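Here are some notes on the model, set out as numbered points for a colleague who has the coordinates open. Each point takes up one residue, one region or one general feature.

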Amino acid sequence: MQGGTLPGDAGSVAIGEGKRRDGRKIASFAGLVVLFGNRRLVRMAVLTATFVMMLGVGGAILSIMVGDDLSRQNDAGIGEYEVLTIRSFELITLLERQVTAEACSPAFLEGMRKLAFLPDGINSILYAQDGVIACTSNAGKLEAPVIIGEPDLAASESGATFDIWFDRPQGALGLPGETGTIVGGDGFLVTMPEISAPASLFGKSSREVVFRVDDETWISRGGRAGLYAVAGMAGAGGFNWADWSFYGRDCGESGLYCAASRAPLSSVISSRPFEIGGFLAFSGIVALFVGGLADRGMRSYWSLAARFVRGLTPERMECVYQPVVRMETGEIVGVEVLSRWRDADGRVVFPDTFLPIVNERGLSRRLTEIVIGKARQELGQHLPAEKELQVAFNISPRDYKYDFLRPLFDGHEPGTARLGFILEIVETESFDLSSIKLEMMRLRRQGVRTYIDDFGVGFSNIGNLAELPIDGVKLDRGFSMAPDGSLWANMLPRALELIGSAGHRVVVEGVETGERFEMLKKNRHATFAQGYFIARPMPVEALVAFLKTYPGNGPAGELQPVTASALNIVDFGRLKR
Ligand SMILES: Nc1nc2c(ncn2[C@@H]2O[C@@H]3COP(=O)(O)O[C@H]4[C@@H](O)[C@H](n5cnc6c(=O)[nH]c(N)nc65)O[C@@H]4COP(=O)(O)O[C@H]3[C@H]2O)c(=O)[nH]1
């Protein structure tokens, strides 16, 4: 057997068009994926998507970690301010209870100093009368009393009111060069020291602690002023694309203090170069792995073999019919059924491409079953009622071994049926045909004849001509397609003689020219001919049209002898793709 290397079959495009329109959209989409180049594209897309997804996951983890760290810094700042505030009130309560001597007297000052040394972080106590600071725990009685002025804020906590003076210089109060926030009610006041920020885990971060008056009003209590406002505008996840920075914003339980922190992405990355570099490398490896998996999956899912196995269905398998001429009368007496398979993208795949898959995967019986069923149904439906035709199928000799061929011709009544059936045994491997003799005879009794296909090439054996119950032989197209004067061309009459003398009919395949056709007409052993000179394989609708116009097909009993020039009346070019 030789693989078909045809550019196409006659009429298959135009006639098959309408039928396949529905499947076009799906097919063209499938085609995108089927194309090898696109498989690479899909692989790249999967790889990129995986990498981006990994970056997304990594980014989310990083942003949670940075967010946690920023919250930790915020909480530390808020906590310290809140603790100090509470301690301030406790201290003021203690002062009011314990320091009861005459205001700013030595005993009074002694009492203030003792409490200033409590381990509460507050070491500066002031005493003011009518808005004027008269003495402090550090400076004692002030020679020049200090007017404290209006408080920045009058707040209330658990029913008690207290005033706050933010960031007042402490020089005149015995703490030169320092500033502090003064908190207190009427009489005793305490100065809260500045609080330092804890170290960031992710590079250089900045922080601002604010005293929150209400949702819209707050007073900066240290750090980088304005940060709290920007943090409020940072989007979900606390990442601000405007300055590529992470932001965190938290408030304490009392709601009096809030804090905001910022960590620029660049400093986060530069603070963890190995971890981040390692994660990027890991993401790359995962993406390559997933891309490879996708590629392997696609290769096994979209390989031609996998596509064919999935698509070996009557819907995707098409039959084309190549007419066979009886040389004596010039009449079309038969057709060879040749199969074509439609790939997922709608392209036609020829037998030389899919037959190796059929043989490798043991699908020959499935193929035969589909082709015979489909051809019988198509011919039965389309052929004119009076037309008799010999229909030849290609069969692997292995298929004879199973009791499966005969049921495919159920209902076939030899002698009365207008369709006769021929099985052309294709010898693709060394196979002992004598082992299927019995089945050949059983089929013959059922009216199904057996021919040996592609005689003269491959595994054909002259002994088979004499020993097997065969009904005919198809001479390989290599003989008639060979150029004039070549060894093959010279062997053609000898091969015909050999087969004819064994008493078999011969179908000469591959008749491409009028000269060869005329030459064969003169040879009494050349019973039938098939080839492009007569017609290319074509779909059933084209076959019906062809049979009507073919010059040798006159009304029954009036068959016209056909000459090469008469045959050329048919416009074969119109039928060729
Ligand atoms: N150059 C040239 N070629 C011509 C000419 N006339 C016919 N042909 C081509 O030669 C092949 C003849 O079929 P084959 O020898 O049985 O060879 C067939 C047959 O062995 C096998 N095959 C086709 N359909 C089936 C099938 O349904 N089942 C099985 N098992 N095999 C099949 O595939 C082979 C190739 O089939 P196709 O590609 O259809 O190729 C066909 C046909 O299109 C001509 O004048 N010139």
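1. A convenient place to begin is Met 298, which is found in helix α7, spanning residues 273-302, in what should be kept in mind throughout is a predicted model. Met 298 has 19 other C-beta atoms within 10 Å and is therefore classed as partly exposed, since a residue needs 20 or more to count as buried. When residues up to four places away in sequence are set aside, Met 298 touches Arg 39 and Val 42. The first of these partners, Arg 39, is 259 residues from Met 298 along the chain, yet the two C-alpha atoms are separated by 7.4 Å.

2. For the chain as a whole, the assignment gives 19 helices and 21 strands. Of the 577 residues, 34% count as buried. Among contacts between residues at least 6 apart in sequence, 63% join residues that are at least 24 apart.

3. One region carries a database annotation: the unreviewed UniProt entry labels residues 45-66 as "transmembrane region". In the model this span is 100% helix and 0% strand, and its end C-alpha atoms lie 30 Å apart. The label itself comes from the record and may be inferred rather than shown by experiment.

4. Two residues deserve a look at their backbone torsions, given that most residues other than glycine have a negative phi. Cys 104, although not a glycine, has a positive phi of about 65°. Cys 104 is found in the loop between α3 (36-98) and α4 (106-116), and with 17 other C-beta atoms within 10 Å it is partly exposed.

5. The second case is Asp 454, again not a glycine, for which phi is positive at about 50°. Asp 454 lies in strand β18, which runs over residues 448-455. Is Asp 454 buried or exposed? Because there are 23 C-beta neighbours inside 10 Å, Asp 454 counts as buried.

6. Gln 530 is worth inspecting for its surroundings, as it lies in the loop between β21 (528-529) and α17. With 25 C-beta neighbours inside 10 Å, Gln 530 counts as buried, the threshold being 20 or more. Leaving aside neighbours within four places in sequence, Gln 530 is in contact with Gln 322, Val 324 and Glu 336, and also with Val 507, Glu 509 and Val 511. Gln 530 and Arg 326 are 204 residues apart in sequence, while their C-alpha atoms are 9.2 Å apart in space.

7. The last point concerns the packing of helix α10 (residues 364-382) with helix α17 (residues 540-549), whose axes come within 10 Å and cross at roughly 45°. The two helices are therefore oblique to each other, as the angle falls between the limits of 35 degrees for roughly parallel and 65 for roughly perpendicular. The crossing in which α10 passes α17 is right-handed. On the α10 side the contact is made by Glu 378, Leu 379 and His 382, and on the α17 side by Val 540, Glu 541 and Val 544. Sorted by class, the residues in this contact are three nonpolar, one polar and two charged.

Key
Residues are numbered from 1 along each chain as its sequence is written. This is a predicted model: local features need pLDDT of at least 70, side-chain atom pairs count only at pLDDT 80 or more; totals for chains, interfaces and linings use all residues. Axes are lines fitted to C-alpha atoms, for helices over the stretch in contact, and angles run from 0 to 180 degrees between N-to-C directions. Helices (H or I, at least four residues) and strands (E, at least two) are DSSP runs, numbered from the N terminus. Angles under 35 degrees count as roughly parallel, over 145 as roughly antiparallel, 65 to 115 as roughly perpendicular and the rest as oblique. A crossing is left-handed if the near helix is turned anticlockwise from the far one by less than a right angle, and right-handed if clockwise. Two residues are in contact if their C-beta atoms, placed from the backbone, lie within 7 Å. Ala, Val, Leu, Ile, Met, Phe, Trp, Tyr, Cys and Pro count as nonpolar, Asp, Glu, Lys and Arg as charged, and the others, Gly among them, as polar. A residue is buried if 20 or more other C-beta atoms lie within 10 Å of its own, exposed if 12 or fewer, and partly exposed in between; C-beta atoms are placed from the backbone.
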